[in-house]
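Subject: Structure handover and notes

Dear colleague,

I am passing the structure below on to you, together with my notes on what was found in it. Please read the notes with the structure open beside them.

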Amino acid sequence: MFYSKKPKKGKQLKLERNLVTISDSKSIISEQFRTIRTNITFSVTDQELKTILVTSSIPGEGKSTNAANIGVVFAQEGKKVLIIDADMRRPTLHHTFRLPNIDGLSNVLVRKQTVQKVVQETSIVGLYVMTSGPLPPNPSELLASKTMEALLRIVEQEYDLVIFDSPPLLPVTDAQILSHKCNGTILIVDMNIAKKEDVKKAKLSLNNSQAKILGVILNNSALPRNHYHYQYK
Amino acid sequence: MEATIKLSDLFKILKAHLFLIIAITVVSVSIATIISYFVLTPIYTADTQILVNQKSDKKDPYVASSQIDADLQMINTYNVVIKSPLILSKVIEKLDLNSTPETLTNQITILNTNNSQVFTVHVEDAKASQAVDISNTIAEIFKSEIPTLMKVDNINILSYAKLSEHPIPAKPNKLLNIGISGIIGLMIGIGLAILIETLDTRIKSEQDVEDILDIPIIGLVSPINIDKKTSRLKRQTSNIDAV
């Protein structure tokens, strides 16, 4: 009751903010994403990290924004990165990258399209995006299907890294299904809205699906007062 | 949830809600100040000392001493007599007060040190001069009435109440009130801070995540709309670039 979140600002502003790693690549936040990139790279040593799931406990914690920015920083490192919008309930990735969402993941999963045809290039070199496609009535079943497995095998071969943007963990089961299939899962926790109980439940559901949790990204954490900031030229 | 709070956590809570605590304390102190200075009527006091001593010609020390004992015992009686309507109605009449003996009784306290022949008529009133007048008039009327009442003449007025040039009200004790309200405000503030912290189930720090999840933190992302800060830094850099 004390912490009702302020309504979101205008959409245009949100678009500007979403891809901070491109619009303001020298900012502290971009540097934070590069730190995340490093930490993800070093978090898995025994196996190759090909597929990453980005999820959170409840909606609105910044899954899509984080997934997009992580994809950007990996692409900036020279990797061939594919971001897949696996949120077939409320997709946003096509907004973030301003791409059409005519064909996408759902088309592939119902075998109407091939992976190669629905992957779209972005303005960032090495970064590719697969939008959600038309909203299907049964996203959980589609994600659990054999076709999904086949899709995973294809994209794992073609790309260095595949990042899945998924629905939140607590309301629907989609993320749980995906987390089982992915090499690693990143849990986004928004410090302003995440409740301890919810995050605990989210972790439990990830454990139940035997997901490998790479770690937590704390979103909306205030800048430390004496944060280090230096500029190299 | 753990029932205990670590001392360091407590300090953290207090620091986080410092503004709230200070605000509540300030509000509490200001309310007390306003009430003390503007709402409560100041009460002034006046004291008249009365000596109870029988004028005795006898030189016999034994008789003198028993006389003193008798006087001491009389003081208890005098206490009642002074506060009786008989005296007080005469006081009201003489000073032309807009009061009744009952209300006047509440303004009067008879103070008596143990085994002392002196007792004090202590009067409280909203007007300093009136307190002095009442106190002195009571003493005088009591002195004049007591021979007829008790057939003794052992009352002497030791010292009259005097009206000082700048009377200081005895009540309300402003500093005490403000002090107490400050402490109460501080306590309410601290209590509220702890309550808020207990009811707040959100994740607030990296420590929280480590405590409840046992998952490594791979990154922190600051709010992206801190445009001011980043753009300021950027401007600084671009200035450097220009040079």
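How many residues lie between S2(B) and S3(B) in the hairpin that they form? There are five, and Asn115(B), which sits in the turn, has a positive phi of about 55 degrees. Please bear in mind throughout that this is a predicted model. The two strands of the hairpin, S2 (residues 108–112) and S3 (residues 118–125) of chain B, pair in the antiparallel sense over five bridges, and Thr109(B) has His122(B) in S3(B) as its bridge partner.

Chain B as a whole contains nine helices and five strands, and along the sequence these follow the pattern α-α-β-α-α-α-β-β-α-β-α-α-β-α. Of its 243 residues, 35% are buried, and among the contacts in chain B between residues at least 6 apart in sequence, 74% join residues at least 24 apart.

One helix pair in chain B deserves a separate note. The axes of helix H1 (residues 7–16) and helix H7 (residues 174–199) of chain B come within 9 Å and cross at roughly 105 degrees, which makes H1(B) roughly perpendicular to H7(B). On the H1(B) side the contact involves Leu10(B), Ile13(B) and Leu14(B), and these meet Ile190(B), Ala193(B), Ile194(B) and Glu197(B) in H7(B). Sorted by class, the residues of this contact are six nonpolar, no polar and one charged.

The next feature draws on both chains. Eight strands form an open sheet with mixed pairing, in the order S3(A)-S4(A)-S2(A)-S5(A)-S1(A)-S6(A)-S7(A)-S5(B). Its edge strands are S3 (119–121) of chain A and S5 (217–221) of chain B, each of which pairs on one side only. On average, and with direction ignored, neighbouring strands of this sheet are turned by 25 degrees against each other. Within the sheet, S1 (residues 51–56) and S6 (residues 184–190) of chain A run parallel and are joined by five bridges, with Thr55(A) standing opposite Leu187(A) in S6(A).

Helix H3(A) packs on this sheet, where it touches S1, S6 and S7 (213–219) of chain A together with S5 of chain B, and the direction of H3(A) makes about 170 degrees with that of S5(B). The length of H3(A) can be checked by simple arithmetic: at 1.5 Å a residue, its 16 residues (28–43) should span 22 Å, and because the end C-alpha atoms are 22 Å apart, the two values agree. Buried residues in H3(A) include Ile28(A), Ile29(A), Phe33(A), Ile36(A) and Ile40(A), and also Arg34(A) and Arg37(A). A further helix, H11 (residues 196–208) of chain A, lies across S6 and S7 of chain A and runs at about 170 degrees to S6(A).

Finally, two residues in chain A may interest you for their backbone angles. Arg98(A), although not a glycine, has a positive phi of about 50 degrees; it is found in the loop between H5 (93–97) and H6 (105–109) of chain A, and its relative accessibility is 53%, so Arg98(A) counts as exposed. Gln210(A), again not a glycine, has a positive phi of about 55 degrees, and its place is in the loop between H11 and S7 of chain A. With a relative accessible area of 62%, Gln210(A) is exposed.

With kind regards

Notes
Residues numbered from 1 in each chain as written. Chains lettered and ligands numbered in written order. Predicted model: local features only at pLDDT ≥ 70, side-chain atom pairs only at ≥ 80, totals over all residues. Heavy atoms only, no water. Helix = DSSP H or I, 4+ residues; strand = E, 2+ residues; numbered from the N terminus. Expected span 1.5 Å × (residues − 1). Buried < 20%, exposed > 50% of the residue type's maximum accessible area, 1.4 Å probe, protein only. Axes fitted to C-alpha atoms, helices over the stretch in contact; angles between N-to-C directions. Parallel < 35°, antiparallel > 145°, perpendicular 65-115°, else oblique. Contact = heavy atoms within 4.5 Å. Nonpolar A, V, L, I, M, F, W, Y, C, P; charged D, E, K, R; others polar. Pairing = 2+ DSSP bridges.
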